[in-house]
Amino acid sequence: MKNYPRIRRLSTLGIIRHQHFDYEFGPFRTDFVGEGGAGKSMIADMLQLIFVGVRYFHSPTESYGPREAKTLVLRTEGKGTDMGYAFLTIELGKHQYVIVGIYLESSGAAQMFIVQAQENFEPDIKLVPFTQLLGVEEFQRNNTILPINELRDHISDNFNLFCESWERTQFYHKILFYNDILPLDLSVSNQALHNYAKIIQTFSRKSLDIDASSSLQSFLFGDEIEKEFMRRFETTVEELRGDEKQFIDNLNEIDKLTIKQQKLSDLLDLKLQKELAFTDYIKAAYDFYDQQQDVLLSQLEQLIIKYDESTKLLPLLKEELSTKLDVIAERKPIIEKQVEEALILANEWNNKHKNRETFLNWLTEFGVTAKQLIAKYDSYQESKDGIRRVNELEKLIKDNNISGNLLLDLSGKGVLVQIQQNCEKLKEELEFKNKLHALNNIDEPTSIARWALESNSFFDLKQEGIIRKYQNQDVRVDEPNNSLSRFIPDPDVLLKGEIPVYKEEEDGFWLNLNGVLEFISTDFKSVFNTGNKLDIKKYFESQTTSIISDIKALDKELAEYTILYKIFEHFTDPDEYLKAWNSKWDLELQLQSHELFSLKREEVLYYHDLSLDHEIPQKKIDFTNSYKVLKNQENELISLYTNLHNLEGSFIEAVYNNDIQEIVGRWKYDLTESLSVSDIVTNFHDNEFYGQFLKIYDDQKQNYLAFSRIKEIDKLAVEANANRNEAYGKSPDIFNSSYVSQKRVLEEVERLHEESLNAENKYIVKYNIIAGENLSNNVKRFEDSGDFQGLCSEILPPEILSDSNILEKDVIEKIRKYLADINLKNKKLNSRKLNKLAAIIDDVWLEVSNQLNMARYVRNFLNDDEKIISGGHKATLSETRDNSLSPEWMQIFVDNIKEDAELGSDYTLFAEEKGISNELEKYHSLTEKLQQAYYRSGGDHNLKPKIKELLNPKSYYGLKFSMVNSSGKKNDGSTSQTYSAIALLCMAKLSLLEVQQSIQECNSVYGN
């Protein structure tokens, strides 16, 4: 067991849970015991802070928040800065002490400090110990915690010792290492400090997940190396950013130029198609317009010959027309007189025939003989006065709005007396109905019907008969004013008890009123035999309604008889009017409305005589036909005269057109031959003359008026000539002596012209699109120009068109060669990137091997026979490949890059044989190349590793830490056994660090 240097005491001042304590450490073992939350784990935290500092401090204790160094300072009231100290008294020899510790502020500031007996604190000097033990009491002044700068003076003034502090830990750690207080020089690098901190944190039960490979890897080898590889990769990316930009620019130029090459190639094809379509169109146009001119000139010659003839014949035709009109004018009066005489005779016999037919139709209509028909006519004339009286009476009845049925009851003589008698009867009947109305009025309080309605008694058939009898006779229950009338003051006396019946009859009975017999009818349906007063009331109301209806009808009939009396009273012979009315149906049958009865008697007899002449029908036909023949002749002559006269008025004046003479001169036509009138006009009949003459005139008129058509055809011929010449002028080389014309039609020319325009349009559209896509400032200058060579000069690199005499067809090949040169540049840039990437990957491969070797060293360290855990257990570390990337791809990739390099530069003949270099060339960035290098060198395509994973050596293997018993079987062990295993792992890590630093074994400070 090592004795010195050792921890003699841990002192805490102003630290939570450890406000003012000196903890003495024994030479063999020191235990800290207490309840949860007492501050036991903070002892380990303070040891970590004293040896490591705040930068890599990490407390393994789980709490509600991260335990930072500044949170260990005990806070006091107020908002000022609080201070605390944690320091170790190191015993270098027996009773030989130095102090190392840390000063903390609640603000987060911290300083490392050392107390010794000399003033020199150079890193390579030995510390001078002192003999007096200093604790928390000596570090205060009047129970006050001092800031570090005041502590220095306090120590010097009161104990004649020297104190030095550092914000940075480099000098502090170098002094501790030089004086054997630390086993490692933690000042050499941050990684060394970080690794040592991890060991201490693990010793103090920092959560080291021994079941997680990544946790073991990070503990044993740290995390700097993968970060370094990542930094190298990112630095290389940055270094090659210019190359990448150049590469991308080259690719973009290749892409753009390839697109331009394709589009210009397509454009050149369209240009050739356009020129071929144009040639086909020019040939067709020349042939068609040459043929069209020949046809038009032939048509023009025929029209001009006819026009010339019409100018000579039209004046002669007008003379012929005038002569014909004179002849017709002489014939017109003769035919008119003949027609007038024929019309008189035709009308005369037509009327006779009509009247004869009328008389014969009357005979048929009336079904009589001629003699009977004449007798009927005479009878009709005698009945006219009676009809007049009927019509007059009928009108008056209608005007007064009365019924004619009133006359049905009147007959014979004394009509006024009969009407008066009917009025008297109606008045009597009306008076009776009014009485009945009064009797059946149940609203009359003194009526016997009202008494019966109000009575609570039931009445049998005899009692109801008595009530009906006296109700209808208007017998009341009150005393009347007339002493001759009867009344029943108390109907109960009459009706109650046994009714005195004198004799029964089938439909009634005789009532005996003290010797006065009165018949009472029972021939009715009883309504008083019920207690339902509503039925009784309805009976009297229905009786009243019926009586009222009768009264209205009687009033109306009496009023109409009164009016009828006044009508007949107005007539001087009223009985004759009644007689005519009663016989009016016979008169109406006799006096039917008929044309026969409107004639005079001598007219009827004349019709009778005509009916006896059987020659009239044939004569009517003969005279009518004679008239029609003459009338048709007259109409034809008048129509002919009118038409010829109208034609004469509109006859065209033929004047030779000067333009036609110019056309004749232009095309040199011969017009010596012509026709005469006798050649075209012969002797026509009147009904044919106008049509034939008009046809001749119209033909000549049409020939004359064709001067517009002549001018039009002349214009077309001139245009055809111009079009032919234009086609010839556009490409005269085509029409040499060997050219053979073809038969053409307009549709073919138009089709070829449209195809030529379409080809031209396609070319121009494509041309404009390319110009618009590639030009910005000069696009207007090139738009629609179609200048292929000029466009190429503007949008292509000048190197391509360095030769000003280059042919259009050679431009595409020049572009192809230029693209090949750019591709060679990119291959060179690609090789440079891949070589740098291969160097990084090669180092990653070496680091994987290095870490696996270090893992084997740790495994051998743990397998040492002295490294036994209680119970005969041992800790073991093994390699795994589960969920790891296969590292072989890195060697394959590096070897492939070397093989490609052996094939020579990218400009040699073997450049195309390069494998992975060519495969990765299309990927711009180093990131893409690395990812694709992994897959193309045997990496698993199912995995999608990130760049950090590919550059992390730990991605290619795993570690498994476990504890086994003496038979080699895995055993989880107890908590203390697990802690011992972790302690052994920490010792192995320290041993590994010592080996890495190549230091000899030294006596470092220890604590128990």
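This is a short tour of a few places to select in the structure. The model you have open is predicted, so keep that in mind at each stop.

**Stop one: two helices**

Begin by selecting residues 224–239, which form helix α6, together with residues 926–936, which form helix α28. The two helices pack with their axes 10 Å apart and at an angle of about 125°. That angle makes α6 oblique to α28, because it falls in neither the 65 to 115 range nor the range over 145.

Now show the side chains where the helices touch. On α6, pick Phe233, Thr236 and Val237. On α28, pick Leu926, Thr927 and Leu930. What classes of residue make up this contact? Colour by class and you will find 4 nonpolar and 2 polar residues, with no charged ones.

**Stop two: a hairpin**

Next, move to residues 501–505, strand β9, and add residues 508–513, strand β10. In which sense do these strands pair? They run antiparallel, joined over 4 bridges. Together β9 and β10 make a hairpin, with 2 residues between them. To see one facing pair, select Glu505 and look across to Gly508 in β10.

**Stop three: two cysteines**

Finally, select Cys163. Is Cys163 buried or exposed? Its relative accessibility is 8%, under the 20% cut-off, so Cys163 counts as buried. Then go to Cys423, where the relative accessibility is 11%; this is also under 20%, so Cys423 counts as buried. If you are wondering how many disulfides there are to highlight, the count comes to 0.

Note on methods. Residues numbered from 1 in each chain as written. Predicted model: local features only at pLDDT ≥ 70, side-chain atom pairs only at ≥ 80, totals over all residues. Heavy atoms only, no water. Axes fitted to C-alpha atoms, helices over the stretch in contact; angles between N-to-C directions. Parallel < 35°, antiparallel > 145°, perpendicular 65-115°, else oblique. Contact = heavy atoms within 4.5 Å. Nonpolar A, V, L, I, M, F, W, Y, C, P; charged D, E, K, R; others polar. Pairing = 2+ DSSP bridges. Disulfide = S-S within 2.5 Å. Buried < 20%, exposed > 50% of the residue type's maximum accessible area, 1.4 Å probe, protein only.
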